[in-house]
Amino acid sequence: MDVYDRQGGDVIARIRHMHPIAVSEGQTVAYGESLGTQGRQQTGAVHVHMEVDTRYYQAYENYIGDLVSGRLPVQSEHRENVNPRPIVEDGKVRLGECDARVLDLQRTLDIEGYRAQGGGTLPQDGVYRASMQGAVLDFQRAHGVPQTGDIDLQTSRFAPREGGLAPPPFDPALRGRESLPLDVHPPGPRAPGHPSHPDHRPALPESLPPPVNGRRTGAGGTGSEDLDRLYDALLSGDERAISTACEDIRASLITQGMHARNQSTWRTQPMEHEAALEQGAPARTL
């Protein structure tokens with residue numbers, strides 16, 4: 001079953017493996033109206049498959065929430081006059097969507113040496129495809145942003161907008177949503193090798209969290225993200241990506257050296273204090 005946003009419009013949801021189906025072709029359905037019953041189509045287990053256009057992600061999430069909470073009761077006769085909850089823009093671009101912020105991030109990912117699934121070059125067309133998701137997850141991890149895979153405002157801070165971009169075309173799925181702030185790229189100091197966005201190094205923990213992306217976007221396989229990125233850049237022959245990867249490695253080595261010296265100093269201080277006490281020196285309270 002295909003569900004359209006309007007007569008002759010776009011498919012917003014596909015529902016598979018129902019039997020029987022309770023609606024007919026061309027019928028207008030209301031929110032919460034029963035569409036059919038989960039069946040055993042193609043498998044021996046009772047189930048249903050639902051595919052939803054990501055532009056309607058929040059509407060779908062609200063719908064499932066209403067089913068789980070009982071706002072939409074199991075009994076179809078008690079679902080009448082239940083209206084959908086309002087959609088509030090959360091500032092996120094999700095897989096499958098097209099947005100100017102995706103184009104900004106694609107440019108930044110390319111500059112910093114990230115690659116599409118399989119090691120190919122990321123398209124720069126503003127469309128968030130599945131082949132780009134691994135690069136987004138790796139980028140978020142490297143920049144201290146939660147690894148959600150969504151292009152949120154935290155992620156967009158590190159993907160500056162190029163001047164002169166036209167606003168994205170009107171999308172009927174976004175009707176009634178509040179507009180987002182235009183400037184999500186505040187000025188500030190830049191990280192070495194990353195002149196296009198604010199310096200993210202002070203916000204990074206000493207050790208990065210485990211990667212969510214279980215499928216590498218590059219082909220290096222060295223076990224080091226910096227070295228893998230350099231490997232990918234060398235394969236591509238992109239001088240800018242090679243320069244950025246080299247600068248990242250240099251900055252990482254400097255940071256590791258400073259951290260090692262700090263750890264060494266911290267470990268020797270208690271030993272010096274113990275030695276002073278053994279010689280009978282008076283203890284001091286700091």
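**Entry 1: layout.** I started by reading along the sequence, and the protein follows the pattern β-β-β-β-β-α-α-α-α-β-β-α-α. That comes from six helices and seven strands. Note to self: I am working from a predicted model.

I then pulled the overall values. The protein has 286 residues, and 32% of them count as buried. Its accessible surface comes to about 17,700 Å², with 54% of that belonging to carbon and sulfur atoms. I also looked at contacts with a separation of 6 or more: residues 24 or more positions apart account for 54% of them.

**Entry 2: the main core.** Which residues have the most contacts inside the largest nonpolar core? I got Leu105, Leu109, Met132 and Ile151, in a core of 17 residues. Helices H2 (100-111) and H3 each supply at least two residues of this core. H3 gives the most, with five residues.

I followed Ile151 outwards, skipping its neighbours within four places in sequence. Ile151 is in contact with Gly91, Lys92, Val93, Arg101, Val102, Leu105, Tyr128, Met132 and Ser156. There is also a second, separate core of eight residues, and Ile12, Ala13, Val23 and Tyr56 are among them.

**Entry 3: helix H3.** Is H3 mostly covered or mostly open? It is mostly covered: H3 spans residues 130-142, and 10 of its 13 residues are buried. I wrote down the buried ones, which include Met132, Val136, Leu137 and Phe139. Charged and polar residues turn up in that buried set too, including Asp138, Gln140 and Arg141. Just after H3, I noted that Gly144 takes a positive phi of about 70 degrees.

A reminder I jotted in the margin: an α-helix has 3.6 residues a turn, so residues three or four places apart point the same way.

**Entry 4: a nonpolar patch outside.** Next I went looking on the surface. Met50, Ile64, Leu67 and Val68 make a nonpolar patch there of about 320 Å². Helix H1 (residues 57-69) gives the largest share, three residues. Met50 sits in strand E5 (residues 49-52).

Why can Met50 belong to a surface patch? Its relative accessible area is 34%, so Met50 is partly exposed, and a patch residue needs over 30%.

**Entry 5: cysteines.** How many disulfides does a search of the whole structure find? I got zero. I checked two cysteines for exposure while I was there. Cys98 counts as exposed, at 54% relative accessibility. Cys246 is partly exposed, with a relative accessible area of 39%.

**Entry 6: a stretch of H6.** Last stop was helix H6 (residues 239-278), where I found Asp248 and Ile249. Is Asp248 buried or exposed? At 11% relative accessibility, Asp248 counts as buried, because the cut-off for buried is under 20%. Ile249 counts as buried as well, at 18%.

I then took C-alpha to C-alpha distances from both. Asp248 and Leu227 are 9.4 Å apart in space and 21 residues apart in sequence. Ile249 and Leu230 are 8.7 Å apart in space, with their positions 19 residues apart in sequence numbering. Leaving aside neighbours within four places in sequence, I find Ile249 in contact with Asp226, Leu227 and Leu230.

Conventions. Residues numbered from 1 in each chain as written. Predicted model: local features only at pLDDT ≥ 70, side-chain atom pairs only at ≥ 80, totals over all residues. Heavy atoms only, no water. Patch = residues over 30% accessible without salt bridge, like charges linked within 9 Å, V, L, I, M, F, W, Y side chains within 5 Å. Areas by Shrake-Rupley, 256 points an atom, 1.4 Å probe, with all protein chains shown as cover. Salt bridge = Lys/Arg side-chain N within 4 Å of Asp/Glu carboxyl O. Helix = DSSP H or I, 4+ residues; strand = E, 2+ residues; numbered from the N terminus. Buried < 20%, exposed > 50% of the residue type's maximum accessible area, 1.4 Å probe, protein only. Disulfide = S-S within 2.5 Å. Core = buried A, V, L, I, M, F, W, Y, C linked by side-chain atoms within 4.5 Å. Contact = heavy atoms within 4.5 Å.
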